[in-house]
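The following exercises guide the reader through a structure step by step. Each task is followed by a worked solution.

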Amino acid sequence: AAKHNGRGNFQFFSAAMHDATTQRIKLEAELHQALERREFLLHYQPKLDLATGKTSGFEALLRWNHPQRGLVPPLEFISVLEDTGLIIAVGEWVVAEVCRQLGAWRADGFPIVPVAINLSARQLEQDDLAATIEQIVTASGIAPALLEFELTESMLMVNPDAAVAILGRIKALGMRLSIDDFGTGYSSLAYLKRFPLDALKIDRTFVRDLPHDSDDAAITRAVINLAHSLNLKVVAEGVENLEQLCELKRFGCDEIQGYYVDRPLVPARCFIRADSAPLLGMQRDAALAM
Ligand code: C2E
Ligand code: MG
Ligand code: MG
Ligand code: MG
């Protein structure tokens, strides 16, 4: 259709495409320098144990502090890091930074809980991923049991045999493994049994309309029951209100994460959460009394 639109339109689209290409090249160049310029940082979002009301761990979430744009969320740059292969170096930095942070919390005398790190498909393609992680963690002196790795179903399904081998090695180091965004990818729980997993994280799209959407309620309940019968813990993502929390607790969900508990936090705000319930007052009492 474009060729019938006349010269003016063609030039318009061409200019727009040129613009997008220029922007993309600029973004790539900036990301190439971001590591050495120390522009990446991590925020930490707590997970709440519904049985005890305590923080059971944190998830490290990558942020880019751009000199002009300020804090840039990961969805705006992770795919570029993946396309360019920069995710390998940045992913290693994330592991090292989490270890450094855990060491700093420990040195300050704060109680510490495990931290989960998101992996990307490109990292799982590296045969030496487990060895690289082991090297970084050993050098840091941090107990391997304080680290957990989150992977998505689709990442595992690209090359399941290779994934089973790599995850087996990470697991043998004493680290935990979980499936992120569960329910949005293509896999079956029976298939997931092949992987040495500890937990499933139910995607927030299933949590959003709880307790009102009966389909989402049925799916959530079924996933929790099946996961438990496979000896997996269940974490619900994206919990934004007390009604969702109560419904998930009623279904037997083990842990929750979401804005209702806390947003991703700067490290300085995390320590007070590690040994005390983040939900305060009556809401917490109501939830835990159920
Ligand atoms: P994810 O691992 O599923 O992380 C959860 C995302 O949901 C985070 O977005 C978090 O801020 C957001 N979130 C948490 N609670 C709520 C809630 O109650 N409501 C809503 N609407 N959102 C909530 P964020 O930090 O923007 O990260 C987006 C994605 O970027 C992550 O999804 C993960 O896939 C990826 N990512 C983040 N950090 C890293 C990293 O270090 N490495 C890799 N490879 N990917 C990362
Ligand atoms: Mg995650
Ligand atoms: Mg998720
Ligand atoms: Mg995600």
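**Exercise 1. The second largest pocket**

How do the residues of the lining of the second largest pocket divide into nonpolar, polar and charged?

Solution. The model under study is a predicted one.
- Step 1: by class, the lining consists of five nonpolar, two polar and eight charged residues.
- Step 2: the space within this second largest pocket amounts to about 200 Å³.
- Step 3: the lining comprises 15 residues, and those closest to the centre of the pocket are Asp49, Ser56, Lys233, Asp254 and Glu255.
- Step 4: at least two lining residues come from each of S1, S2 and strand S8 (233–236).

**Exercise 2. The largest pocket**

Determine the volume of the largest pocket, and state which elements supply its lining.

Solution.
- Step 1: the largest pocket holds about 1,100 Å³ of space.
- Step 2: its lining is made up of 37 residues, and Glu59, Leu61, Pro74, Leu75 and Asn118 lie nearest the centre.
- Step 3: the elements that each supply at least two lining residues are strand S1 (40–49), S2, helix H2 (78–84), helix H3 (86–107), strand S4 (115–118), strand S5 (147–152) and S6.
- Step 4: S2 provides the largest share of this lining, namely five residues.
- Step 5: sorted by class, the lining of the largest pocket has 17 nonpolar, 10 polar and 10 charged residues.

**Exercise 3. The magnesium ion (ligand 2)**

Identify the protein donors of the magnesium ion (ligand 2) and explain which parts of the chain are tied together.

Solution.
- Step 1: the protein donors are Glu59 (OE), Asn118 (OD1), Glu150 (OE) and Asp180 (OD), at 2.0 to 2.2 Å from the ion.
- Step 2: along the chain, the donors of this ion follow the spacing E-x58-N-x31-E-x29-D.
- Step 3: Glu59 belongs to strand S2 (residues 55–66) and Asp180 to strand S6 (residues 176–182), so the pair ties together parts that are 121 residues apart in sequence.
- Step 4: Glu59 and Asp180 are both buried.

**Exercise 4. The magnesium ion (ligand 3)**

Which residues are the protein donors of the magnesium ion (ligand 3), and which residue coordinates both this ion and the magnesium ion (ligand 2)?

Solution.
- Step 1: the donors are Asp180 (OD), Asp181 (OD) and, listed twice, Glu237 (OE), lying 2.1 to 2.6 Å from the ion.
- Step 2: in sequence, these donor residues are spaced D-D-x55-E.
- Step 3: Asp180 coordinates both magnesium ions, ligand 3 and ligand 2, which are 4.1 Å apart.
- Step 4: Asp180 lies in strand S6, whereas Glu237 lies in the loop between S8 and helix H11 (242–250), so the pair ties together parts that are 57 residues apart in sequence.
- Step 5: a residue counts as buried under 20% relative accessible area. Asp180 therefore counts as buried at 8% relative accessibility, and Glu237 likewise counts as buried at 13%.

**Exercise 5. Ligand 1**

Describe the surroundings of ligand 1 and the contacts made by its oxygen atoms.

Solution.
- Step 1: ligand 1 is surrounded by 22 residues, and the closest are Arg63, Asn118, Asp180, Glu240 and Tyr259.
- Step 2: an oxygen atom of ligand 1 lies 2.8 Å from a polar side-chain atom of Asp180.
- Step 3: the side chain of Asp181 has an N or O atom 3.1 Å from an oxygen atom of ligand 1.
- Step 4: for Tyr259, a polar backbone atom is 2.8 Å from an oxygen atom of ligand 1.

Conventions: Residues numbered from 1 in each chain as written. Chains lettered and ligands numbered in written order. Predicted model: local features only at pLDDT ≥ 70, side-chain atom pairs only at ≥ 80, totals over all residues. Heavy atoms only, no water. Donors = N, O, S within 2.8 Å, 3.2 Å for Na, K, Ca; no water. Helix = DSSP H or I, 4+ residues; strand = E, 2+ residues; numbered from the N terminus. Buried < 20%, exposed > 50% of the residue type's maximum accessible area, 1.4 Å probe, protein only. 1 Å grid on protein atoms, 1.4 Å probe; cavity = no way out; pocket = protein on both sides within 12 Å on 5 of 7 lines; lining within 4 Å. Points joined across faces, edges and corners; volume = space filled by probe spheres on them. Nonpolar A, V, L, I, M, F, W, Y, C, P; charged D, E, K, R; others polar. Near = heavy atom within 4 Å. Polar contact = N/O pair within 3.5 Å; in protein donor to acceptor, adjacent residues only side chain to side chain.
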